[in-house]
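Colleague: I would like a close look at a single part of this model. Please pick one helix, and go through what packs against it and what lies around it.

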Amino acid sequence: MLKTIKNAIKTPEIRKKILYTVLLLVIFRLGCYITIPMVDIVRLQGAMDTYSNSVTGMINMISGGAFSRLSIFAMSITPYITASIVIQLLSMIIPSLERLTKEGGEEGRKKIDRYTKLISLILAVVEGLGIYFSYKGSGVFVQNGFLTGFVVVLSLVAGTSLLMWLGDKITSKGIGNGISMLIFAGIVSSVPSALVQIFNLVVVDGAFSTKGLLSAIFMIVGILLLVAGVVFVQQAERRVPVQYSKKVVGRRMVGAQNTHIPIKPAMASVMPIIFASSFMTFPAMIIQLFVHDIEAKAGFLRVIYNLSIATSSSNVGWQYTIINAIIYLLLIVGFTYFYTYATFNPAEVANTIKQNGGFIPGIRAGKPTADYLSSVLSKVVLFGGLFLAGIAILPMLARGTGLNTAFGGTSILIVVGVAIELGQQLQSQLVMRHYKGFLEK
């Protein structure tokens, strides 16, 4: 990996792409400190202390702390992520959209991108209104009224639109996937504060703490093991062998080929965790939007609210945390199956193998092949779903350590996944340049 980075920096074309990507990420980080107009900075801190352990943890983590400052990038790229999920779900339901996704080519991809961005703007407006009404009664804004709400929502929507533009530019002219790189930068930016918290465990009020040192060592070892586990699962794959018989192509006889179908346990990546987290926190967002000071009330709504925020809050009882963890686990496993089967259809793969004269050794072509692939996929996906659930629930079980969310399992999964993808793209860029130079010679 280090050798790849070193060679990439030495290559002029790739170095320009890296510097361009770094420049846009710097712009993103600067924007995280530009607070939207009409905000009282003093009262904002108190309001954020109230809501920091609630439903805003995931957004604040992805935005690199921009949400806690109510900056122009407070909503981060989450409306675009949600819109992408909506488009994927609709493509499974609407036949014309499915054809556009699979057979539309470059023009179809552009249309899908336009639809995604349109839905992103609509969701950004809705989320911006939700943020305004959520903090309207807490005195965060200098004054309340239509003009204030308009300016706040417009600023938030403009910030999200700018992030979508930055993501597109990184994807087209830089290195890596733009959206993933923005999320990566947001999470990594909170690592220094997490290191300070670990240091404060060891040195308490200027005095060395042996207990704190043991806790810090335990955390660091746990993080390293977690990173190693994420890398292992991200790179792991179940290879299903496929053999192709001889066939005539034009006037030539093409010989038999042996290949394989790679089935990854983490094929869905972090998406099931985002799905499940959104599903779990949605009731709290709605309750918080319409019920003022819900934490001071009692009754059925308070129970639902506590169950909803137990994913990210340490202010609820252990009963809520256990029930929330069980529901969270089932949702993540369920969404893992759903998302994997949405992207990998065993029937389509089996049909493609049959049309190309291939077969899986010991398995008949057609429906038996589809059934076999479905059986293998279900077992591999179960392991991947349980692994993702473990990563997501681990911070809930270790919340008593006071560890910063930058070292949470979800964050590590995103960061490691993006780092692996970035390394692979750098390698492919170097290989392409090597062959291009070879052909030019």
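Modeller: What follows is an account of one helix, its two packing partners and its surroundings.

The model is predicted, so local features are taken only at pLDDT of at least 70 and side-chain atom pairs only at pLDDT 80 or more, while totals for chains, interfaces and linings use all residues. Residues are numbered from 1 along each chain as its sequence is written, and side-chain values use heavy atoms, with hydrogens and water left out.

The protein has 441 residues, of which 41% are buried (buried is under 20% relative accessible area, exposed over 50%, partly exposed in between, with a 1.4 Å probe and protein chains only). Its secondary structure comprises 17 helices and seven strands, taken as DSSP runs numbered from the N terminus (helices H or I of at least four residues, strands E of at least two). Among contacts (heavy atoms within 4.5 Å) with a separation of 6 or more, 74% join residues 24 or more positions apart.

The helix chosen is H8, residues 146–173. One partner is helix H7, residues 105–136. The axes of H7 and H8 lie 9 Å apart and make an angle of about 140°; axes are lines fitted to C-alpha atoms, for helices over the stretch in contact, with angles from 0 to 180 degrees between N-to-C directions. H7 and H8 therefore count as oblique to each other (under 35 degrees is roughly parallel, over 145 roughly antiparallel, 65 to 115 roughly perpendicular, the rest oblique). The crossing of H7 past H8 is right-handed, that is, the near helix is turned clockwise from the far one by less than a right angle.

On the H7 side, the residues in this contact include Lys 117, Leu 121, Ala 124, Val 125, Gly 128 and Tyr 132. H8 answers with residues that include Thr 148, Val 152, Leu 156, Thr 160, Met 164 and Asp 168. By class, the H7–H8 contact has eleven nonpolar, six polar and two charged residues, where Ala, Val, Leu, Ile, Met, Phe, Trp, Tyr, Cys and Pro are nonpolar, Asp, Glu, Lys and Arg charged, and the others, Gly among them, polar.

Thr 148 of H8 can be followed further. Thr 148 is buried, because its relative accessible area is 1%. Beyond residues up to four places away in sequence, Thr 148 touches Met 38, Tyr 132, Phe 141 and Gln 143. Of these, Met 38 sits in the loop between helix H2 (12–31) and helix H3 (41–51). Met 38 has a positive phi, about 70°, although it is not a glycine. At 26% relative accessibility, Met 38 is partly exposed.

The other partner is helix H9, residues 178–188. H8 and H9 pack at about 115°, and their axes are 7 Å apart. H8 and H9 are therefore roughly perpendicular to each other. H8 passes H9 in a right-handed crossing. Here Leu 163, Gly 167, Ile 170 and Thr 171 of H8 meet Gly 178, Ile 179, Met 181 and Leu 182 of H9. The residues of this contact divide into five nonpolar, three polar and no charged.

Thr 171 of H8 is partly exposed, because its relative accessibility is 44%. Not counting neighbours within four places in sequence, Thr 171 contacts Gly 176, Asn 177 and Gly 178. Its C-alpha is also 8.9 Å from that of Thr 21, which lies 150 residues away along the chain.

That leaves the nonpolar interior. A nonpolar core here is a set of buried Ala, Val, Leu, Ile, Met, Phe, Trp, Tyr and Cys residues joined through side-chain atoms within 4.5 Å. The largest such core has 68 residues, and Phe 28, Ile 77, Ile 183, Ile 273, Tyr 328 and Ile 332 touch the most other members. H8 gives the most to this core, with eight residues. Ile 77, leaving aside neighbours within four places in sequence, is in contact with Thr 160, Leu 163, Met 164, Ile 179 and Ile 183. Another core lies apart from this one and holds 13 residues, including Val 240, Phe 344, Val 349 and Val 380.
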